[in-house]
Amino acid sequence: SVAGGGASVGGGYEQVSDSIVQYQRNIALLEKLARNVGTKNDTSVSQTQYNLQLEVIQQLGQRIETQLRSHESRLSTLPRSEASSLRTTHVKLTRDYRLVEQQFKTLQLDVKRKRGLAEVRAREAEEERMGRNNRGGVGVGVGVGGIIGGGGGDVDGAMTEEGMRWQMQIQEDKINEEIMREREEEIRNIHKGMHQVNEIYKDLAHLVDEQQEGVDQIETQMENAKENTATGLKHIEKANESSQSQCIIS
(Lines give C-alpha, C1' and ligand atoms only; values in the text may rest on other atoms or scores of the structure.)
Protein backbone atom coordinates (compact mmCIF):
# COMPACT_ATOMS: atom_id res chain seq x y z
CA SER A 1 0.00 0.00 0.00
CA VAL A 2 0.99 3.62 -0.37
CA ALA A 3 0.50 4.66 3.25
CA GLY A 4 3.23 3.74 5.68
CA GLY A 5 5.84 2.96 3.01
CA GLY A 6 7.28 0.21 5.18
CA ALA A 7 8.06 2.61 8.02
CA SER A 8 6.34 2.74 11.37
CA VAL A 9 3.71 5.45 11.80
CA GLY A 10 3.32 7.04 15.22
CA GLY A 11 2.30 10.24 16.89
CA GLY A 12 -1.42 9.47 16.61
CA TYR A 13 -1.22 9.04 12.82
CA GLU A 14 -2.05 5.31 12.86
CA GLN A 15 -5.74 5.98 12.14
CA VAL A 16 -4.86 8.24 9.22
CA SER A 17 -2.58 5.58 7.75
CA ASP A 18 -5.24 2.88 8.16
CA SER A 19 -7.86 5.13 6.54
CA ILE A 20 -5.61 5.76 3.53
CA VAL A 21 -5.00 2.02 3.12
CA GLN A 22 -8.77 1.40 3.28
CA TYR A 23 -9.31 4.26 0.82
CA GLN A 24 -6.85 2.70 -1.63
CA ARG A 25 -8.40 -0.77 -1.34
CA ASN A 26 -11.87 0.60 -2.07
CA ILE A 27 -10.57 2.39 -5.15
CA ALA A 28 -9.11 -0.93 -6.33
CA LEU A 29 -12.61 -2.45 -5.97
CA LEU A 30 -14.07 0.49 -7.88
CA GLU A 31 -11.58 -0.10 -10.70
CA LYS A 32 -12.86 -3.67 -11.06
CA LEU A 33 -16.46 -2.45 -11.24
CA ALA A 34 -15.45 0.23 -13.75
CA ARG A 35 -14.31 -2.45 -16.20
CA ASN A 36 -17.95 -3.33 -16.83
CA VAL A 37 -18.86 0.21 -17.93
CA GLY A 38 -19.77 0.35 -21.59
CA THR A 39 -19.78 -3.45 -21.98
CA LYS A 40 -22.54 -6.07 -22.10
CA ASN A 41 -21.98 -6.57 -18.36
CA ASP A 42 -22.95 -2.95 -17.66
CA THR A 43 -26.30 -3.80 -16.10
CA SER A 44 -28.42 -1.84 -13.66
CA VAL A 45 -27.07 -4.05 -10.85
CA SER A 46 -23.43 -3.30 -11.72
CA GLN A 47 -24.24 0.42 -12.01
CA THR A 48 -25.84 0.35 -8.55
CA GLN A 49 -22.79 -1.41 -7.13
CA TYR A 50 -20.53 1.18 -8.75
CA ASN A 51 -22.53 4.10 -7.33
CA LEU A 52 -22.56 2.59 -3.84
CA GLN A 53 -18.81 2.00 -3.95
CA LEU A 54 -18.38 5.57 -5.16
CA GLU A 55 -20.25 6.88 -2.11
CA VAL A 56 -18.12 4.77 0.24
CA ILE A 57 -14.91 6.18 -1.24
CA GLN A 58 -16.19 9.75 -1.05
CA GLN A 59 -17.07 9.28 2.63
CA LEU A 60 -13.63 7.81 3.32
CA GLY A 61 -12.02 10.78 1.58
CA GLN A 62 -13.97 13.21 3.74
CA ARG A 63 -12.90 11.33 6.86
CA ILE A 64 -9.21 11.46 5.86
CA GLU A 65 -9.46 15.17 5.11
CA THR A 66 -10.94 15.74 8.58
CA GLN A 67 -8.22 13.65 10.25
CA LEU A 68 -5.43 15.50 8.45
CA ARG A 69 -6.88 18.91 9.36
CA SER A 70 -7.18 17.83 13.00
CA HIS A 71 -3.53 16.73 13.12
CA GLU A 72 -2.44 19.92 11.37
CA SER A 73 -4.08 21.95 14.12
CA ARG A 74 -2.53 19.77 16.82
CA LEU A 75 0.98 20.23 15.40
CA SER A 76 0.79 23.98 15.98
CA THR A 77 0.30 23.39 19.73
CA LEU A 78 3.24 20.99 20.22
CA PRO A 79 6.82 21.91 21.18
CA ARG A 80 9.03 22.56 18.19
CA SER A 81 11.20 19.45 18.65
CA GLU A 82 8.20 17.12 18.86
CA ALA A 83 6.29 18.88 16.07
CA SER A 84 9.31 18.64 13.75
CA SER A 85 9.43 14.84 13.85
CA LEU A 86 5.65 14.53 13.44
CA ARG A 87 5.63 17.05 10.59
CA THR A 88 7.58 14.61 8.41
CA THR A 89 4.94 11.93 9.02
CA HIS A 90 2.15 14.41 8.34
CA VAL A 91 3.67 15.51 5.02
CA LYS A 92 4.25 11.92 3.90
CA LEU A 93 0.71 10.76 4.68
CA THR A 94 -0.76 13.85 3.02
CA ARG A 95 1.33 13.14 -0.07
CA ASP A 96 0.23 9.48 -0.13
CA TYR A 97 -3.42 10.48 0.19
CA ARG A 98 -3.18 13.05 -2.63
CA LEU A 99 -1.63 10.49 -4.96
CA VAL A 100 -4.41 7.97 -4.32
CA GLU A 101 -7.01 10.74 -4.57
CA GLN A 102 -5.59 11.65 -8.00
CA GLN A 103 -6.01 8.03 -9.10
CA PHE A 104 -9.62 8.18 -7.95
CA LYS A 105 -10.30 11.35 -9.97
CA THR A 106 -8.65 9.89 -13.07
CA LEU A 107 -10.77 6.76 -12.72
CA GLN A 108 -13.96 8.83 -12.52
CA LEU A 109 -13.01 10.70 -15.70
CA ASP A 110 -12.33 7.41 -17.47
CA VAL A 111 -15.73 6.03 -16.43
CA LYS A 112 -17.44 9.22 -17.58
CA ARG A 113 -15.73 8.90 -20.96
CA LYS A 114 -16.77 5.25 -21.32
CA ARG A 115 -20.38 6.01 -20.46
CA GLY A 116 -20.40 8.91 -22.90
CA LEU A 117 -19.15 6.62 -25.66
CA ALA A 118 -21.74 3.99 -24.74
CA GLU A 119 -24.53 6.58 -24.93
CA VAL A 120 -23.31 7.81 -28.32
CA ARG A 121 -23.25 4.25 -29.67
CA ALA A 122 -26.75 3.62 -28.31
CA ARG A 123 -28.04 6.81 -29.97
CA GLU A 124 -26.36 5.91 -33.24
CA ALA A 125 -27.94 2.44 -33.13
CA GLU A 126 -31.34 4.00 -32.43
CA GLU A 127 -30.80 6.49 -35.24
CA GLU A 128 -30.00 3.69 -37.66
CA ARG A 129 -33.06 1.70 -36.58
CA MET A 130 -35.36 4.71 -37.00
CA GLY A 131 -33.81 5.42 -40.39
CA ARG A 132 -34.58 1.90 -41.56
CA ASN A 133 -38.16 2.20 -40.30
CA ASN A 134 -38.60 5.53 -42.06
CA ARG A 135 -37.24 4.19 -45.33
CA GLY A 136 -39.56 1.22 -45.11
CA GLY A 137 -42.57 3.49 -44.59
CA VAL A 138 -42.06 5.46 -47.82
CA GLY A 139 -43.84 2.81 -49.97
CA VAL A 140 -47.09 3.02 -48.00
CA GLY A 141 -48.29 6.23 -49.63
CA VAL A 142 -47.04 9.48 -51.01
CA GLY A 143 -48.58 11.67 -48.28
CA VAL A 144 -47.64 9.43 -45.43
CA GLY A 145 -44.25 8.70 -46.93
CA GLY A 146 -43.52 12.41 -47.32
CA ILE A 147 -44.41 13.09 -43.69
CA ILE A 148 -42.39 10.17 -42.41
CA GLY A 149 -39.52 10.94 -44.73
CA GLY A 150 -39.45 14.57 -43.63
CA GLY A 151 -39.68 13.60 -39.98
CA GLY A 152 -36.89 11.09 -40.46
CA GLY A 153 -34.63 13.79 -41.84
CA ASP A 154 -35.22 15.95 -38.76
CA VAL A 155 -34.53 13.00 -36.48
CA ASP A 156 -31.34 12.13 -38.36
CA GLY A 157 -30.17 15.72 -38.08
CA ALA A 158 -30.95 15.85 -34.37
CA MET A 159 -29.21 12.54 -33.73
CA THR A 160 -26.16 13.63 -35.70
CA GLU A 161 -25.99 16.88 -33.75
CA GLU A 162 -26.35 14.96 -30.48
CA GLY A 163 -23.56 12.60 -31.52
CA MET A 164 -21.28 15.52 -32.37
CA ARG A 165 -22.03 17.10 -29.01
CA TRP A 166 -21.09 13.91 -27.21
CA GLN A 167 -17.94 13.54 -29.27
CA MET A 168 -16.91 17.06 -28.26
CA GLN A 169 -17.67 16.26 -24.63
CA ILE A 170 -15.58 13.08 -24.83
CA GLN A 171 -12.72 15.00 -26.40
CA GLU A 172 -12.92 17.60 -23.63
CA ASP A 173 -12.87 14.83 -21.01
CA LYS A 174 -9.78 13.34 -22.64
CA ILE A 175 -8.04 16.72 -22.48
CA ASN A 176 -8.99 17.10 -18.80
CA GLU A 177 -7.72 13.61 -18.12
CA GLU A 178 -4.38 14.42 -19.73
CA ILE A 179 -4.13 17.62 -17.69
CA MET A 180 -4.81 15.68 -14.48
CA ARG A 181 -2.17 13.11 -15.39
CA GLU A 182 0.34 15.87 -16.04
CA ARG A 183 -0.51 17.42 -12.67
CA GLU A 184 -0.10 14.04 -11.02
CA GLU A 185 3.34 13.71 -12.60
CA GLU A 186 4.25 17.21 -11.41
CA ILE A 187 3.11 16.35 -7.88
CA ARG A 188 5.25 13.22 -7.93
CA ASN A 189 8.28 15.21 -9.10
CA ILE A 190 7.71 17.77 -6.33
CA HIS A 191 7.47 15.01 -3.72
CA LYS A 192 10.61 13.43 -5.15
CA GLY A 193 12.41 16.76 -4.75
CA MET A 194 11.09 17.09 -1.20
CA HIS A 195 12.39 13.61 -0.43
CA GLN A 196 15.83 14.52 -1.78
CA VAL A 197 15.88 17.71 0.30
CA ASN A 198 14.85 15.69 3.34
CA GLU A 199 17.72 13.28 2.73
CA ILE A 200 20.16 16.21 2.44
CA TYR A 201 18.94 17.56 5.79
CA LYS A 202 19.42 14.12 7.33
CA ASP A 203 22.97 13.94 5.98
CA LEU A 204 23.73 17.42 7.33
CA ALA A 205 22.32 16.49 10.72
CA HIS A 206 24.49 13.36 10.72
CA LEU A 207 27.59 15.40 9.85
CA VAL A 208 26.78 17.90 12.59
CA ASP A 209 26.42 15.07 15.10
CA GLU A 210 29.78 13.63 14.06
CA GLN A 211 31.47 17.01 14.23
CA GLN A 212 29.84 17.72 17.58
CA GLU A 213 31.54 14.67 19.01
CA GLY A 214 34.90 16.01 17.81
CA VAL A 215 34.16 19.44 19.23
CA ASP A 216 33.26 17.86 22.58
CA GLN A 217 36.54 15.96 22.58
CA ILE A 218 38.50 19.13 21.84
CA GLU A 219 36.68 20.94 24.62
CA THR A 220 37.46 18.11 27.04
CA GLN A 221 41.10 18.13 26.04
CA MET A 222 41.27 21.90 26.54
CA GLU A 223 39.80 21.54 30.02
CA ASN A 224 42.32 18.81 30.82
CA ALA A 225 45.14 20.95 29.49
CA LYS A 226 43.97 23.88 31.62
CA GLU A 227 43.89 21.69 34.71
CA ASN A 228 47.34 20.25 33.93
CA THR A 229 48.71 23.76 33.40
CA ALA A 230 47.30 24.92 36.72
CA THR A 231 48.77 21.88 38.48
CA GLY A 232 52.15 22.43 36.84
CA LEU A 233 52.15 26.08 37.87
CA LYS A 234 51.48 25.10 41.46
CA HIS A 235 54.41 22.66 41.35
CA ILE A 236 56.68 25.39 39.98
CA GLU A 237 55.60 27.81 42.69
CA LYS A 238 56.28 25.21 45.39
CA ALA A 239 59.67 24.47 43.85
CA ASN A 240 60.55 28.17 43.88
CA GLU A 241 59.48 28.52 47.51
CA SER A 242 61.53 25.46 48.45
CA SER A 243 64.58 26.83 46.62
CA GLN A 244 64.32 30.20 48.34
CA SER A 245 64.06 28.51 51.77
CA GLN A 246 67.20 26.51 51.14
CA CYS A 247 69.06 29.67 50.11
CA ILE A 248 68.11 31.44 53.35
CA ILE A 249 69.19 28.48 55.51
CA SER A 250 72.51 28.37 53.78
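Select R113 and D110 to begin: their side chains meet in a salt bridge, 2.6 Å from N to O. The model on screen is a predicted one. R113 and D110 both belong to helix α3 and sit three residues apart, about one turn of the helix. Colour by accessibility and D110 counts as buried, because its relative accessibility is 17% and the cut-off for buried is under 20%. As for the pairing itself, side chains of opposite charge can pair when their charged atoms come close.

**The whole chain**

Zoom out and show the cartoon. The secondary structure comes to four helices and zero strands, and from the N terminus the elements run α-α-α-α. How many of the 250 residues, as a percentage, count as buried? The figure is 26%. Switch to a surface representation: the chain exposes about 17,200 Å², and carbon and sulfur atoms supply 53% of that area. A contact map is useful at this point. Among contacts in the chain with a separation of 6 or more, residues 24 or more positions apart account for 80%.

**Salt bridges in helix α3**

A search of the whole structure finds nine salt bridges. One of them joins R98 to E65, with the closest N and O atoms 2.7 Å apart. Which parts of the chain does this pair link? R98 is in helix α3 (residues 80-137) and E65 is in helix α2 (residues 44-75), so select both helices to see the pair in context; the two residues are 33 apart and the link is between distant parts of the chain. R98 itself is partly exposed, with a relative accessible area of 30%.

Next, select D96 and K92. These two form a salt bridge whose closest N and O atoms are 2.8 Å apart. Both lie in helix α3, four residues apart, which is about one turn of the helix. Is D96 buried or exposed? D96 counts as buried, at 2% relative accessibility. Its partner K92 is partly exposed, with a relative accessible area of 26%.

Return briefly to R113 and D110, the salt bridge at 2.6 Å. Then add E101 to a selection of E65 and R98: salt bridges that share partners join these three residues into one network.

**V111**

Stay in helix α3 and select V111. V111 is buried, with a relative accessible area of 3%. Show everything in contact with V111, leaving aside neighbours within four places in sequence, and the residues that appear are A34, V37 and Y50. For a distance label, take the C-alpha atoms of V111 and N36: the two residues are 75 apart along the chain, and the atoms are separated by 9.6 Å.

**D42 and the loop after α1**

Move to D42, in the loop between α1 (14-34) and α2. What does D42 contact, apart from its neighbours within four places in sequence? The contacts are N36, V37 and Q47. V37 has already appeared in this tour, as a contact of V111. A second C-alpha label can be drawn from D42 to R115: 73 residues separate them in sequence, and 9.7 Å in space.

**E72 in helix α2**

Select E72, which is placed in helix α2. E72 is partly exposed, with a relative accessible area of 35%. Not counting residues up to four places away in sequence, E72 touches R87 and H90. C-alpha to C-alpha, E72 and R87 are 8.6 Å apart, and their positions lie 15 residues apart in the numbering as a sequence separation.

**The charged patch on α4**

The last stop is on the surface. Select D216, E219, E223 and E227, which gather in a patch of negative charge. Take E219 as the reference point: E219 lies in helix α4 (residues 142-249). Is E219 buried or partly exposed? E219 is partly exposed, with a relative accessible area of 47%. Keep the four residues shown as sticks over the surface to see where the negative charge gathers.

Definitions and conventions. Residues numbered from 1 in each chain as written. Predicted model: local features only at pLDDT ≥ 70, side-chain atom pairs only at ≥ 80, totals over all residues. Heavy atoms only, no water. Patch = residues over 30% accessible without salt bridge, like charges linked within 9 Å, V, L, I, M, F, W, Y side chains within 5 Å. Areas by Shrake-Rupley, 256 points an atom, 1.4 Å probe, with all protein chains shown as cover. Lys, Arg positive; Asp, Glu negative; His and termini not counted. Charge placed at Lys NZ, Arg CZ, Asp CG, Glu CD. Buried < 20%, exposed > 50% of the residue type's maximum accessible area, 1.4 Å probe, protein only. Contact = heavy atoms within 4.5 Å.
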